[in-house]
Amino acid sequence: MCGIIGYVGFQEPKGILLDGLKRLEYRGYDSAGVAIWNKGQVEVHRCEGRIQGLEQKLTKNHFEGLIGMGHTRWATHGAPTETNAHPHQVGNITLVHNGIIENYLELKEELLAMGRTFKSETDSEIVSHLFDVEITKGKKLAEALLTVLPRLRGSYAFVIMNKQEPDVLVGVRNGVPLLVGVGQGENFVASDVQAVLHRTNQIIYLHDHEFVIARKDGVAIHGEKGEARKPEIKAIHWTPDQLEKSGYRHYMLKEIHEQAAAITHTIDPHLHHGEGTIEIQGLTITKEQLKATKRIAIVACGTARHAGLVGKYLIERIAGIPVDVDFGSEFRYRNPILDKETLLITISQSGETADTLAGLREGSQRGIRTLSICNVRESTLTRESESVLYTNAGPEIGVASTKAFTTQITALYLLAVELGTLNGSLNEAQTKELTNDLVKLPLWIEKTLESEAKLEQIALELGSSTFFFFLGRDINYPIALEGALKLKEISYAHAEGYPAGELKHGPIALIDRNTAIIVLAPKDKAYAFDKKREWASTSETIYEKIMSNLQEVKSRGGKIFSIGSESDTRLAAQSHHFVAIPDAPWSLNPILLSLPMQLLAYYTALHAGTDVDKPRNLAKSVTVE
C-alpha cells in the first residue's frame with residue numbers, strides 16, 4: 001500500500017527521499033510528496049500522479065536541512081488529489097501515514113468542536129491535528145505518542161516530525177510494517193527494505209506498538225508505554241543487484257525468467273540428493289505434531305490463494321489429508337470450525353497481507369498449530385506464526401506475482417510429500433518418485449520458457465479480443481483462475497477463469513467470435529491411492545472431457561489458444577494456437593502451465609501500453625483490510 005521513507009543524517013535529504021520513493025513504486029500509488037527541513041522550517045511538496053512529476057517540481061530546490069520524509073499514497077480516504085497527498089502539515093506537526101484509522105469520524109467531530117479546520121478528506125490529517133494538540137501543550141513527540149496512540153483504532157505506520165525538535169524523526173507501527181535502517185552518521189525509517197537496502201543492510205524491524213526516535217547519531221526503540229527496548233539488528237542478505245532489472249525491460253519479465261533459480265532455492269534446503277527424499281528443515285512444529293494433523297485450513301489472498309488451491313489437490317492426493325482453502329478476507333468472519341488436529345497454513349509473499357494476518361491471529365487465538373509459507377524473512381507473518389516454510393524466491397518487485405506464486409506451489413508440494421511420508425500415505429518408492437520429479441522441475445521450466453517469442457506473437461493477435469475465458473480441470477483449474485487474474489491485473493482486459501465442466505452451466509452464453517479461450521489441457525494422469533495404497537489414476541476421462549469442452553467453444557466461434565503436453569498432436573490440431581510444455585507428471589504441470597500464462601499476460605499488457613510493473617489501482621502488499 002502506501003510507501004514511507006524517512007531520513008536523518010549528514011546529507012541533503014532530497015535525492016535520498018526521491019530515490020527511496022522510486023524504489024517503493026512497486027507497492028502501487030497515485031500521488032507522492034516529501035517534507036524536508038529548510039532554513040528553520042519544514043517545506044512540504046506534493047503532487048498527484050507519478051514520482052517523476054514530484055521530482056520535476058523539485059529540480060531547482062536546494063534544502064539546507066538534513067532531515068526529511070517522503071510518501072507514496074494509495075488512496076483510501078479521499079480521492080487521489082494533491083490536496084489529499086502526504087505529507088500532511090498541521091501547526092508544528094508534519095506526518096506521513098500508511099493504514100486506516102477506523103474511528104476517524106468520531107475524532108474529527110471532536111476536533112471540529114475545538115475549532116480545528118481541515119484541508120483534506122483524509123483520516124491521516126486528523127491524526128496530525130491530534131499530535132499538534134499535544135505539542136501545543138508543550139509535550140515532546142515521544143510524550144505525545146503516549147497520549148495519541150491509545151485513542152486510535154485501526155492499523156497504521158506513522159513517521160512524524162515536530163518543528164520544536166528539528167533533529168528528530170519518529171516512527172511508529174501498529175499492524176502495518178515499518179522498519180529502521182541503521183547507517184553510519186545517518187538513519188532511515190521505511191515501509192520496507194527495498195527503500196534502504198542500497199544504503200544499509202542493517203535493519204531493525206519494529207513490532208506492533210513500538211516506536212523509534214531516530215537522530216543522525218543513533219536510534220532508540222520504545223514500547224507502547226514508553227519503556228526502552230533493546231533493538232535487534234538484522235543483517236539483510238539480499239543484494240542491491242537483486243533489486244535491479246538486470247537488463248530486462250520490466251521487473252515482471254525478469255522475475256518470470258528467475259523462476260527456475262527461485263524454485264531451486266525453495267527446494268535445496270529440504271532435499272536429500274543422495275537418498276532421493278524430502279525432509280523439510282527449520283520447522284518448529286515437530287514431526288510428531290505434523291503426523292498428527294488430520295485436517296488443514298489454508299488461508300491466503302489473491303495469487304497466494306490460487307497457490308493454496310493447487311496445494312489442496314497436492315496434499316489431499318499425496319498425503320490423504322482433507323484441506324479447506326479460504327479467502328483471507330472471509331476466513332475469520334465465518335467462525336471457522338477449527339480443532340487441535342487442524343493445521344492452519346497461511347500463505348503470503350510479503351508476510352504483511354492484512355487479511356491473511358487476521359486469519360493467522362484467529363487460528364493462534366483458537367490454540368491450533370500455525371505454519372506460514374512466506375518469502376520475506378522478519379515479516380509480521382513469519383514473526384507471529386508458530387512455524388515458517390520460506391520460499392527463498394528473492395525480492396519480487398513487479399506487482400503481478402510470478403516467481404512468488406510458483407515457489408509457493410513448490411513449498412506446498414514439499415509439505416505434501418513430507419506429510420505423506422510421515423503419516424504413511426507414501427511408501428519409499430512413491431516418495432523417491434515424487435522427489436525425483438521435483439528435481440527435474442527447474443530444467444522443465446527453462447524448456448517451457450523457450451516458447452516466449454511464440455507467446456509474444458499470440459498475445460499480439462489475442463489482444464484484439466474483448467473477453468478472455470481461461471479453462472482448466474482438476475489440479476489445473478486454479479491455474480485458469482491465476483491466468484485470468486494475471487491478465488486482468490496488468491492489461492485491464494476482462495478475463496475469467498472457470499472449471500471447464502462449468503462452461504455449459506451459463507458462461508457459454510458469452511462466447512462469440514471476439515472471445516479468446518485459453519485451454520489448459522496437459523495430457524497426463526492425476527493419481528491418488530487405491531485401497532492397497534498404490535498409485536491409481538483418477539483422470540482417465542479428464543483429458544477427453546476437456547477436449548469435448550474445447551469443441552463446444554470452437555463451434556460457437558471462440559478463438560482457441562491451448563497449452564498442453566509437447567507430445568499431444570491432437571490438441572495442437574484442434575487449436576488456433578498451441579504452446580507446448582514438457583511431458584511432466586500431473587503434480588508439476590500447474591507450475592509449468594503458469595509460465596505461458598504469465599508471459600501471455602505480460603505481452604498482452606505490453607502491446608496494450610499499460611504500466612506492467614505498476615498497474616493502476618493495485619498495491620504489491622495489501623496492508624489494510
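1. At 28% relative accessibility, Tyr492 counts as partly exposed, because that class lies between buried (under 20% relative accessible area) and exposed (over 50%), with a 1.4 Å probe and protein chains only. Tyr492 sits in the loop between helix 16 (477-491) and strand 24, and has a positive phi of about 65 degrees although it is not a glycine. Helices (H or I, at least four residues) and strands (E, at least two) are DSSP runs, numbered from the N terminus.

2. This is a predicted model, in which local features need pLDDT of at least 70 and side-chain atom pairs count only at pLDDT 80 or more, while totals for chains, interfaces and linings use all residues. Residues are numbered from 1 along each chain as its sequence is written, and side-chain values use heavy atoms, with hydrogens and water left out.

3. Two further places in the backbone deserve a look. Most residues other than glycine have a negative phi, and most peptide bonds are trans. His209, in the loop between strand 11 (202-205) and strand 12 (211-215), has a positive phi near 75 degrees, and its relative accessibility of 33% makes it partly exposed. His86 and Pro87 are joined by a cis peptide bond, with omega about 0 degrees, and Pro87 belongs to the loop between strand 4 (67-73) and strand 5.

4. Strand 24 (495-499) is one of the two edge strands, each pairing on one side only, of an open sheet in which 5 strands follow the order 24-23-25-28-29 with parallel pairing; two strands pair if DSSP finds at least two bridges between them. Neighbouring strands of this sheet are turned by 20 degrees against each other on average, direction ignored. Strand 23 (residues 467-472) and strand 25 (residues 515-520) share 5 bridges, and Leu471 has Val519 of strand 25 as its bridge partner.

5. At the other edge of this sheet is strand 29, joined by 5 bridges to strand 28 (residues 559-565), which runs parallel to it; here Ile563 stands opposite Val579. Although it is an edge strand, strand 29 (residues 577-581) has 4 of its 5 residues buried, so it is largely enclosed by the rest of the structure.

6. Helix 15 (residues 452-462) lies across strand 23, strand 25, strand 28 and strand 29, and runs at about 150 degrees to strand 29. Helix 17 (residues 542-554) also packs on the sheet, touching strand 23, strand 25 and strand 28, and its direction makes about 170 degrees with that of strand 25. Contact means heavy atoms within 4.5 Å, and axes are lines fitted to C-alpha atoms, for helices over the stretch in contact, with angles from 0 to 180 degrees between N-to-C directions.

7. Another open sheet has 7 strands in the order 5-6-7-8-12-13-14, with antiparallel pairing. Strand 5 (88-90) and strand 14 (228-229) stand at its edges with a single partner strand each, so one side of each is left without a neighbour in the sheet. Strand 6 (residues 93-101) and strand 7 (residues 154-162) pair over 9 bridges, and Asn98 stands opposite Ala157 in strand 7. Helix 4 packs on this sheet, touching strand 5, strand 6 and strand 7, at about 135 degrees to the direction of strand 6.
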